[in-house]
Structure formats: structure tokens, C-alpha cells
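Here is a friendly walk through one protein model, meant to be read with the viewer open. Have a look at the structure first, and then we can go through its contacts together.

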Amino acid sequence: KLVCILYCIVGIPFTLVFLSALVQRLLSPTFRLLSKFLQKLSNFGSLEVRLLHLGLMGVAIFFIVFLIPSVIFWWLEPGWTFLDSVYFVFISLTTIGLGDYIPGDNAVHVHYRNFYKAMVGVYLLTGLLLLSLTLTVYYDIPQLNLGLHLHKHRDIFDNGDDNTSQRRFTASKEELSEPTSVSHFNETEHETNQLVRK
């Protein structure tokens, strides 16, 4: 048990750093696609295009990470209902991991159990990566980033000077409502590439 605790202390931060590095690498093509969307759909507002981009990502992630794997587990695991498969996928990808459903432990998997479990591990890491990427794109939209709104709320800046806090609050609202241009994504892509190279 002590070894498991020590392993988790080292392993969990390492896994988070690993996933963050992979997400940074995937951000470049993701924002490049968003830039193309902004250019092709220039008659729409920046927010609408970004929501479309996020929606398409969400639908793709839902099918690739949730629905298709749930069907596969339902097919491969004897005794699992479809709801059991969806439950396992959801519990695993949200890192709750209760351990009440474990794929590959049935006797029918004895001939390929090690390969099956290895593929489940690869799937879970890939799923976490794609979910992290989607959340990163979500939080990059200022209008949807609740933390940004709360951080720039006037109560945080309120130190007794109502005029100063009001000016800061107004400036924050203007920043949040400011449309994002294609050049912003080019700059973001450039910064992401620099981070990756470092």
C-alpha cells in the first residue's frame, strides 16, 4: 500500500504533465482549423464560428470517445448491458474510477487478455487527451470561461474605491466582448509552437 501511494505521488503529476504536453502539440492544428473556419465563415461573428468549431469537436469527441467505445465494450464484455458500458466509459474518463467494472477479466478473454487490457489503457489515455483538448478549446472562448468572468468581477477589485473598481469592471467587460480575429489565432499558434519547442 505504501508503494502504491508513493507511485501515485510521482505518477499522477507525471501523467498530467505528459497529457498537457500532448495537448499543447494538438492545439496548433486545432487553432489552424479554427483560423480556416474564421476565414471561410467571415460573414459570421467570431463567437459564432468558435461555437461551431467547439460544437463539431464536441460531437466528434462524443462519438469517438464515448459512443463507439461503449458499443465495443458492450459487444466484448459478457454480462455487460449497454448502460454498464456507458457507465464504465464515463466513470473512467472522468477519472472517478470506482473499479466496479473491469474489462478483460472474463474467462472468454483468456487468450488475448494482456493485449485487450493494454488496448483499454491506450484508449483511456487517448480519451483523456481528447477531453483535455476539448476543454482547452472551450476555456479559450472568453464568453464561456466562467473563471475569467469571476476573476474579473468588480467585487474582487473592490477595495473601497468605487470609481476605480467600476473602471476596471468596465474594462474587463470590454475585453470579454472583444471579437477575436484570425491574427489572434496565428499568434496563439506561434506561442504554442514556441512552448512545444522549449
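## A salt bridge at helix 4

K117 is partly exposed, with 32% relative accessible area. Its partner in a salt bridge is D105, and the closest N and O atoms of the two are 2.9 Å apart. D105 sits in the loop between helix 3 and helix 4, while K117 belongs to helix 4, so the pair links distant parts of the chain, twelve residues apart. D105 is partly exposed as well, at 46% relative accessibility.

## The model and its confidence

Before going further, please keep in mind that this is a predicted model. The mean pLDDT of the protein is 81, and 75% of its residues reach 70 or more. Over residues 164-185, however, the pLDDT is below 50. In the model, that stretch has 30 contacts beyond near neighbours in sequence.

## Overall architecture

The protein has eight helices and zero strands. Read from the N terminus on, its elements run α-α-α-α-α-α-α-α. Of its 198 residues, 29% count as buried.

How do the contacts spread along the sequence? Among those between residues at least 6 apart, 58% join residues at least 24 apart. One pair to look up in the viewer is F18 and L129: they are 111 residues apart along the chain, yet 9.5 Å separates their C-alpha atoms. F18 is found in helix 1 and is partly exposed, at 41% relative accessibility, whereas L129 is among the buried residues of helix 4.

## Helix 4 and its neighbours

Helix 4 covers residues 113-139, which makes 27 residues. From its first C-alpha to its last it reaches 39 Å, close to the 39 Å expected at 1.5 Å a residue.

Which residues of helix 4 are buried? They are Y116, V120, Y123, G127, L128, L129, L130, L133, T134 and V137. A general point helps in reading such a list: an α-helix has 3.6 residues a turn, so residues three or four places apart point the same way. As for partners, the buried residues of helix 4 pack against helix 1 (2-40), helix 2 (46-76) and helix 3 (82-93).

## Two nonpolar cores

In soluble globular proteins, nonpolar side chains tend to be buried together. Here, the largest nonpolar core has 14 residues, and V23, L27, L34 and L133 touch the most other members. Helix 1, helix 2 and helix 4 each supply at least two residues of this core. Helix 1 gives the largest share, with six residues.

There is also a second, separate core of twelve residues, which includes I61, V65, V89 and V120. Helix 4 turns up again at this point, since V120 is one of its buried residues.

## Aromatic pairs

The structure holds ten aromatic pairs. Which geometry does the pair of W74 and F82 have? Their ring centres are 5.3 Å apart and their planes meet at 65°, so the pair counts as edge-to-face. W74 is partly exposed, with a relative accessible area of 44%, and F82 is also partly exposed, at 30%.

Elsewhere, ring pairs link F73, W80, Y87, F88, Y101 and Y123 into a cluster. One of these, Y123, is listed among the buried residues of helix 4.

## The other salt bridge

The count of salt bridges comes to two. Besides D105 with K117, the side chains of R50 and D140 meet in a salt bridge, at 2.5 Å from N to O. R50 lies in helix 2 and D140 in the loop between helix 4 and helix 5 (146-151), so this pair ties together parts that are 90 residues apart in sequence.

Is R50 buried or exposed? With a relative accessible area of 4%, R50 is buried. D140, at 24% relative accessibility, counts as partly exposed.

## A backbone detail

Most residues other than glycine have a negative phi, and most peptide bonds are trans. T95 is worth a look in this respect: its phi is positive, at about 60°, although it is not a glycine. T95 is found in the loop between helix 3 and helix 4, and it counts as exposed, at 58% relative accessibility.

Note on methods: Residues are numbered from 1 along each chain as its sequence is written. This is a predicted model: local features need pLDDT of at least 70, side-chain atom pairs count only at pLDDT 80 or more; totals for chains, interfaces and linings use all residues. Side-chain values use heavy atoms; hydrogens and water are left out. pLDDT is the predictor's confidence in each residue, from 0 to 100. Contact means heavy atoms within 4.5 Å. Helices (H or I, at least four residues) and strands (E, at least two) are DSSP runs, numbered from the N terminus. The expected span of a helix is 1.5 Å times one less than its number of residues. Buried means under 20% relative accessible area, exposed over 50%, partly exposed in between (1.4 Å probe, protein chains only). A nonpolar core is a set of buried Ala, Val, Leu, Ile, Met, Phe, Trp, Tyr and Cys residues joined through side-chain atoms within 4.5 Å. Rings of Phe, Tyr and Trp (its six-membered ring) pair if their centres lie within 6.5 Å; planes under 30 degrees apart count as stacked, over 60 as edge-to-face and the rest as tilted. A salt bridge is a side-chain nitrogen of Lys or Arg within 4 Å of a carboxyl oxygen of Asp or Glu.
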